[in-house]
Amino acid sequence: MKIRPTARSLQIGISLLYVPVLRSLLLHLMRRAIRARLDDRKAPVNQRKIIQQRRSMALAIVQTFENSVKRGRLSPGVARISGGLWGKLLLTWNDHRLAARDFRERTHRSPPLFMAISPGQACNLSCEGCYSSSDSKDTKLEWSLVDRIICDAKRLWNTKLIVLSGGEPLAYRSEGRGILDIAEEHPDLLFLMFTNGTLLDDDMARRLAKMGNLTPAFSVEGMRDRTDQRRGEGAFDSVVKAMGRLRQVGVPFGVSVTVTSSNVDEVLSDPFLDLFFDKHGAFYGFFFQYMPIGRTPDLNSMPTPEQRVAFWRRMWQVIEDRKLFVVDMWNHGPLAMGCMAAGREDGYIHVDWNGRVTPCVFIPYSVGNVRDVYHRGGTLNDLWDAPFFEHIRKWQDSYGFAQREPSKQADWLRPCPFRDHHRRFREWVDVHQPEPEAGVAGQALLDDAYWQGMCEYGETLEGLVQGIWEREYLGEK
């Protein structure tokens, strides 16, 4: 009889990791379990590569956790809280689909796994090319509305994870409350916050340590010169100080990097990884390839298709050799089985500071406003049902997600409908007429050069990676 681990047993196991004599044994057993569960030797040829990569990622996470505990960078209290919540999320991954039974019966689909919310547009920086064009200090969701959205997601979708973006989340204030109050109000949820780090002080660090359910990802562009060049003088030092505050109280944090054609080599270089992961103690790294949708969009700032392929190879080298927990939100399409937008199963939707609901943070076309839906007595399900979202989900299904395994017709190295399949994406926009976000999203629909550049990018990428997909992932000779 198999004994199924629980979140409580995981918390106990985490506590035992702080006993040096037991740590090696427990981690050895954990690694052995991962290798046994993700054993590619008996898998079909077209699944072996993905299983190998999932195993490499899981082992990198275990190594990261071990390093953080041994070096005193993760306090036992925070580890018990956040570890228990992460464990609950992972151990009940399949139960999540079953819990929202009403949703499944109505839609014949499982609900999205998490939500991204950008509560306010205000930001104390003005970064070049910012995807959100953050500037207005007044455009924001009311705190009570953010709380209602989260409660709705928990009730309807059994949501366990909320991603907070912006604007700058720590600049958000409404009804006398801020962003940490949101996480504190929902101790049963995990929160991931993308922040520039400049507003995080000692009191906030101590509060995060007490809460244990929110992890900040600090935005950097590379080393000092490149970060200050894009974010303003002193931005790099502010991030380093914020990391030091969290390291001192044992709160796990990560880095968030916008990858451009000019910094693509620097942000996975050994000096960068040595600095942020070894010296400063980043637990994870999220790498977002620049998307030309925000302030002063520039197609030339996107990593070229050739750079993207080289970046993909380098990142897997880092994961496998250095055992670092790093994620590329585009190149890791095979791990996520394609695009995660539009509220697909194991995916998410995004609510911005105006209440507009978009397929993801990087697709600035809205299907409606959550304020209007609530005013009519509706719920998040009414927005999830939008025809534009359903069109995207059907494409995701046909692109391999519904089959749950890689195929020749579904190249998950090109998962993004907006960046990698822009010609098709624009056809969907023409059919469903979603509302463009203010500014560049509307202008892009009228700009022939933008259209041509995005289509050419996708076609060039296809020519580069189709062979890689067929040889390395499908095992074709």
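**Exercise 1. Is arginine 322 buried, partly exposed or exposed, and at what relative accessibility?**

Solution. The model here is predicted.
Step 1. Arginine 322 has 25% relative accessibility.
Step 2. Buried means under 20%, and exposed means over 50%.
Step 3. Arginine 322 therefore counts as partly exposed.

**Exercise 2. Find the salt-bridge partner of arginine 322 and place both residues in the chain.**

Solution.
Step 1. The side chain of arginine 322 meets that of aspartate 274 in a salt bridge, at 2.8 Å from N to O.
Step 2. This pair joins distant parts of the chain: arginine 322 sits in helix α13 (residues 305-322) and aspartate 274 in helix α12, 48 residues apart.
Step 3. Aspartate 274 is partly exposed, at a relative accessible area of 35%.
Step 4. Now widen the view. A network of salt bridges links Asp270, Asp274, Asp278, Arg314 and Arg322.
Step 5. The whole structure holds 32 salt bridges.
Step 6. The general idea: side chains of opposite charge can pair when their charged atoms come close.

**Exercise 3. Describe two more salt bridges, and say whether their residues are buried or exposed.**

Solution.
Step 1. Glutamate 221 and arginine 231 meet through their side chains, 2.6 Å from N to O.
Step 2. Glutamate 221 is in the loop between β6 and α10, while arginine 231 is in helix α10, 10 residues apart.
Step 3. Glutamate 221 is buried, at 2% relative accessibility. Arginine 231 is buried too, at 13%.
Step 4. Turn to arginine 356. Its partner is aspartate 352, with the closest N and O atoms 3.2 Å apart.
Step 5. Arginine 356 and aspartate 352 are both buried.

**Exercise 4. Which face of helix α11 is lined by buried residues, and what do they pack against?**

Solution.
Step 1. Locate the helix. α11 covers residues 235-249, 15 residues in all.
Step 2. Check the span. From first C-alpha to last, α11 reaches 22 Å, close to the 21 Å expected at 1.5 Å a residue.
Step 3. List the buried residues: Ala235, Phe236, Val239, Ala242, Met243 and Leu246.
Step 4. Look down the axis of α11. The buried residues fall within an arc of 125 degrees, so they line one face of the helix.
Step 5. Recall the helix rule. An α-helix has 3.6 residues a turn, so residues three or four places apart point the same way.
Step 6. Look at the other side of α11. Lys241 and Gln248 are exposed there.
Step 7. Find the neighbours. The buried residues pack against α9 (202-211), β6 (214-220), α10 (224-231), β7 (254-259) and α12 (270-279).
Step 8. See what comes next. Glycine 250 follows α11, with a positive phi near 80 degrees.

**Exercise 5. How many disulfides are there, and why is cysteine 360 not bonded to cysteine 416?**

Solution.
Step 1. A disulfide needs two cysteine sulfur atoms within 2.5 Å.
Step 2. The closest cysteine sulfur to that of cysteine 360 belongs to cysteine 416, 6.5 Å away, so it is too far for a bond.
Step 3. Cysteine 455 is in no disulfide either, as the nearest cysteine sulfur, that of cysteine 416, is 13 Å away.
Step 4. The count is zero disulfides.
Step 5. Check burial. Cysteine 360 is buried, at a relative accessible area of 10%. Cysteine 455 is buried at 5%.

**Exercise 6. Which residues have the most contacts inside the largest nonpolar core, and what does phenylalanine 418 touch?**

Solution.
Step 1. The largest nonpolar core has 144 residues.
Step 2. Those with the most contacts inside this core are Met115, Ile149, Phe287, Leu380 and Phe418.
Step 3. Set aside neighbours within four places in sequence. Phenylalanine 418 then contacts Met291, Ile293, Phe362, Ile363, Pro364, Tyr365, Phe425, Tyr450 and Met454.
Step 4. The general tendency: in soluble globular proteins, nonpolar side chains tend to be buried together.

**Exercise 7. Where do the cis peptide bond and the positive phi values of glutamate 175 and aspartate 346 lie?**

Solution.
Step 1. The peptide bond from glycine 166 to glycine 167 is cis, with omega near 15 degrees. Glycine 167 is in the loop between β2 (161-164) and β3 (173-174).
Step 2. Glutamate 175 has a positive phi, near 55 degrees, though not a glycine. Its loop runs between β3 and β4 (177-178).
Step 3. Aspartate 346 has a positive phi near 65 degrees. This residue is in the loop between α14 (333-336) and β10 (348-351). Aspartate 346 is buried, at 6% relative accessibility.

How values were computed:
Residues are numbered from 1 along each chain as its sequence is written. This is a predicted model: local features need pLDDT of at least 70, side-chain atom pairs count only at pLDDT 80 or more; totals for chains, interfaces and linings use all residues. Side-chain values use heavy atoms; hydrogens and water are left out. Helices (H or I, at least four residues) and strands (E, at least two) are DSSP runs, numbered from the N terminus. The expected span of a helix is 1.5 Å times one less than its number of residues. Buried means under 20% relative accessible area, exposed over 50%, partly exposed in between (1.4 Å probe, protein chains only). The arc is that of the directions from the helix axis to the C-beta atoms. Contact means heavy atoms within 4.5 Å. A salt bridge is a side-chain nitrogen of Lys or Arg within 4 Å of a carboxyl oxygen of Asp or Glu. A nonpolar core is a set of buried Ala, Val, Leu, Ile, Met, Phe, Trp, Tyr and Cys residues joined through side-chain atoms within 4.5 Å.
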